[in-house]
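Hi,

Here is the structure I said I would pass on. Have a look at it first, and my notes follow underneath.

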Amino acid sequence: MDSMLDDRFVLDDSSAVGLSEQFGTPLYVVSEAAFRSRLRRYREAFAAAYSATRLSYASKANSILMILRIAHEEGYDIDVASEGELRAALLAGIPASHCHLHGNAKTERELDFALEQGIGEILVDNFRELDRLRVRNLGSTKLMLRLAPGVDPKTHQAIRTGQADTKFGFSIADGSAERAVDFCLSHKLPLHGFHCHVGSQLLDPDAQRAGGAQIAAFAVAMEGKSAFTATLLNVGGGLGVRYLPEHHPMPVEEYCQLIVDAIGGAIGDRHPTLAQEPGRSVIAEAGVTLYRVEVVKDVSTTKGPKRYVVVDGGLSDNPRSAMYEAKYEVRAIASGETSLATVSGKHCETDTLFSDVHLPTNLAEGDLIQVLCTGAYNASMASNYNRFPRPACVLLGLDGQAKVIQRRETWDQMFSSQVLPG
Ligand code: LLP
């Protein structure tokens, strides 16, 4: 597929109007066809590059139950990072044996719950966790060690995890990783292999290549030193997406080949299963958010006139602009001559969603806008800040029908946890 082809999901104007009337705004909309095609393309690309592959969907990107179910139907295991995410997968009908548990501070309770359910794998982060696992009945659960390969990805600093200064995993450089292997062997823990995840929204795959090569080289070194043979190497997620037209993530076919080559260069004729756990790259571009314009306000600034288009959502349904200076493409469901505007949310702070976007000059209260590429890390990071209910999510099914897959939060749900003692 052409890497320059812009195949991000976009609603046509009449669907946008119809959905907003039927389900209200703000509204997350996910295209089933766009999601499934990305899941398939990733799977086929990885399988074409290597003969023994496994993919998991990183559920933190979007853990709406139907999204998890579709990922599983497409042959993905589910990567969960908490008891809550595991419960979501179980509720979606996915057996725990097809899930693997991440987390850098797993509690005893989380470990017990995951083991009781028969979790497929636990990705161990630290020695405290190994101690806890040593005294538990692991049943058929396999262990993997999360390694810190000490590579520096080029992405926003909040989503860099591969560097040496990180809270995640066992450092290869300082010998912790090797001690962790020895610990597993001496306590006869069911260690199967190694994992790394170097960062997210990677538009430059160099760190990913280096991370893959590092864990593979480490696996080979352990074979020599500790007589341990890794049967599974997992390089996490991280492939970036096209938030803006000028973003050009590597096509997944090239990306998978690059990972396989990086690992292949180190492992020689060994043949472990290779795994990845993409989140953003399979779901982000399959979703949009629809907002209604509430207010258009022209203000005078020292730099001249400025237009604010204020919508009926904001920080609570998409915190990514505030957290990661994320940029998005915004389109109006209206046409006409355009001028620059700043799209803001309705929260009680400067919740600029998108600066300097071209929107029709005649845009007015009641008009709709859609924000592209919001399928990942929007619904899953939504909050109730300012007591805004979390938005609904609609799936545009393969049959063309719109189905609610997450209801809009009700006031009753919002206040059901509240207690006024006395
Ligand atoms: N595996 C592990 C161990 C991870 O920590 C992550 C993401 C993934 C896989 C999936 O990575 P992806 O393919 O989605 O890049 N909230 C941030 C993103 C945080 C990513 C954390 N880990 C954002 O909105 O950009």
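To start with the ligand: how far is an oxygen atom of the ligand from an N or O atom in the side chain of S200? The answer is 2.4 Å. Keep in mind that this is a predicted model, so every distance here is computed from predicted coordinates.

Two backbone contacts go with that one. At R280, a backbone N or O atom is 2.8 Å from an oxygen atom of the ligand, and at G238 a backbone N or O atom is 2.9 Å from a ligand oxygen. As for how enclosed the ligand is, on its own it has 590 Å² of accessible area, and the protein covers 91% of that.

Looking at the surroundings as a whole, there are 19 residues around the ligand. S200 and R280 turn up again among those that come nearest, together with R320, Y324 and Y377. By residue type, the shell splits into 6 nonpolar, 7 polar and 6 charged. The place where the ligand sits is the largest pocket.

Now the domains. The assignment gives two entries, domain 1 (50-278) and domain 2 (285-407). Their centres, taken over C-alpha atoms, are 33 Å apart. In the contact between them, domain 1 puts in 17 residues and domain 2 puts in 18.

Which domains does the shell around the ligand draw on? Both domain 1 and domain 2 supply at least three residues each. When you open the model, I would begin with S200 and its 2.4 Å pair with the ligand oxygen, then go on to the backbone of R280 and of G238.

Cheers

Notes:
Residues numbered from 1 in each chain as written. Predicted model: local features only at pLDDT ≥ 70, side-chain atom pairs only at ≥ 80, totals over all residues. Heavy atoms only, no water. Near = heavy atom within 4 Å. Polar contact = N/O pair within 3.5 Å; in protein donor to acceptor, adjacent residues only side chain to side chain. Areas by Shrake-Rupley, 256 points an atom, 1.4 Å probe, with all protein chains shown as cover. 1 Å grid on protein atoms, 1.4 Å probe; cavity = no way out; pocket = protein on both sides within 12 Å on 5 of 7 lines; lining within 4 Å. Sits in = over half its atoms within 2 Å of the grid points. Nonpolar A, V, L, I, M, F, W, Y, C, P; charged D, E, K, R; others polar. Domains from an automatic or database assignment. Contact = heavy atoms within 4.5 Å.
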